[in-house]
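Please look over the structure below before reading on. The text then goes through it from the whole chain down to one residue.

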Amino acid sequence: MRTTVALAAMLAAGLTPLTLASPASAAAAKHYDDFNGDGYRDLAAPYMYSGVSDGTLNFKGGAVLVTFGGPAGLTTRTQLIHQGSAGVPGAGEENDQFGESLASADLNSDGYADLVVGNSSEESGTTPVGSVTLLWGSSKGLSGGTALPRKGGGSWGAFGRDVATGDFNGDGKADIATVNAGDIYLYRGGFTKSGGLGTVSKYDREGVGWSSYTLAAGRVTGDGKTDLAVIGIRILGTVIRTEAWFLKGTSGGLTSGTAKVIDPIQRENLDASIGDFDKNGYGDIAIGNPFESNGRGSVTLWYGTSTGPGSKSAKLSQATSGVVGAAEPYDSFGTSVSAGDTDADGYADLAVGVPNEAAGTKEYAGGAHLFRGGSGGLSGSRSATIDKTLTGVAGGTVAYDAFGSDVRVRDLNRDGKAELTVLVPGENTARVLPGAKGGVTGLGSYIVQGVNGLPE
């Protein structure tokens with residue numbers, strides 16, 4: 001999971017009543033994002049960061065919009081949930097960012113996926129300390145919530161800046177990793193609605209001036225346990241640089257591993273994703289850096305081995321041979337990254353957002369690139385440009401749409417090929433492009449209303 005993109009406040013529109021799904025079995029949910037247990041993946045996304053009052057909605061401090069899935073992918077069935085919703089702890093305040101970070105898993109193994117919601121601006125009295133809320137899945141969708149106890153940190157600790165889920169210790173129970181005061185906290189399952197959980201451990205890079213920002217969970221070493229990639233900043237005297245830090249999942253929790261310099265200067269809130277791009281059985285880490293080279297941007301690839309990310313690495317940008325388009329200042333290539341297999345060839349592919357890309361004279365129209373996995377990993381020769389000019393994609397190219405501000409690759413219709421969902425903040429929508437042979441296609445694509453970010 002990673003920090004979602006916080007965009008301008010959105011108009012409240014298009015919310016439809018929920019329809020009920022059949023009850024799930026007592027077994028753990030098949031999909032970590034199937035909140036109503038009907039067997040189809042759902043999409044939970046930030047909705048807005050300031051309250052509105054339009055006669056139907058009245059809340060403050062952010063909300064999460066769930067768009068429910070079905071046989072053809074995402075549907076028009078939605079649910080809006082915030083700190084004013086029944087059973088959700090806390091109170092929405094103007095400065096809150098409820099939904100700032102999101103991750104999901106079946107935390108209590110009841111057959112329904114649950115949602116982990118970060119809110120780094122949550123106040124205790126008048127002091128921002130942050131919060132993490134567990135929203136519980138049910139046949140009706142998300143229903144009620146439980147506050148995750150805050151460990152460590154203090155004022156301005158930004159608890160919940162980012163959240164990630166996975167089975168980090170391999171015991172078959174979902175765990176939660178989160179950030180507080182620059183450290184990593186691992187909350188072990190199992191979780192209960194009454195507040196039960198396993199032990200909690202704190203992780204820091206001992207002896208190093210370090211502050212964590214972004215989390216990406218995935219299986220790098222191939223041992224069946226979830227590993228964690230952390231993007232943060234390291235202080236070396238007068239130099240503050242950006243690094244990726246690997247933590248290996250073990251039966252005892254997480255073990256500190258190697259680190260890699262991503263940028264020689266300080267960069268915050270970079271995006272990251274994990275996928276096996278060369279199909280060797282080990283997950284590879286992709287880290288987007290939209291600030292590099294005067295905003296031209298890049299993606300660093302850190303390839304996995306049986307012990308963690310190794311010596312093999314590479315860099316992608318719009319200057320990479322075979323990539324269509326020019327690397328221009330402020331394009332912001334790498335603002336968002338997401339891994340998944342769009343063409344069912346067994347190799348993970350990587351979607352990269354370029355939200356400030358111009359389209360002719362239309363500034364900041366935005367775009368994305370899809371790099372297909374293959375022998376040796378990712379390369380520009382197996383890449384394609386994705387934007388609104390692609391045949392079948394609805395809507396014309398419009399200045400300031402920022403198409404590609406966030407991207408997400410997931411199989412939504414269970415056909416074995418992952419769809420590419422692309423955020424279009426200028427419209428307050430997202431486009432879902434079907435997976436297909438050779439990547440994704442605009443044919444059969446559709447629009448999802450009201451999303452404000454895409455969780456990994």
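What follows describes the chain as a whole and then a single buried residue, D401.

The model is predicted, so to speak of local features a pLDDT of at least 70 is needed and side-chain atom pairs count only at pLDDT 80 or more, while totals for chains, interfaces and linings use all residues. Residues are numbered from 1 along each chain as its sequence is written, and side-chain values use heavy atoms, with hydrogens and water left out.

The chain contains one helix and 31 strands; these are DSSP runs numbered from the N terminus, with helices being H or I of at least four residues and strands E of at least two. Its radius of gyration is 20 Å, close to the 23 Å that the globule rule gives for 456 residues, so the chain is as compact as a globular protein of that length. That radius is taken over C-alpha atoms, and the rule is 2.2 Å times the number of residues to the power 0.38. Along the principal axes, the C-alpha atoms fill a box of roughly 55 × 50 × 40 Å.

Of the 456 residues, 57% are buried, meaning under 20% relative accessible area with a 1.4 Å probe, protein chains only. Among contacts (heavy atoms within 4.5 Å) between residues at least 6 apart in sequence, 55% join residues at least 24 apart.

D401 sits in the loop between β25 (383–386) and β26 (407–410). Its relative accessible area is 4%, so D401 is buried. Beyond its neighbours within four places in sequence, D401 is in contact with residues including Y364, K388, G396 and E427.

How values were computed
Buried < 20%, exposed > 50% of the residue type's maximum accessible area, 1.4 Å probe, protein only.
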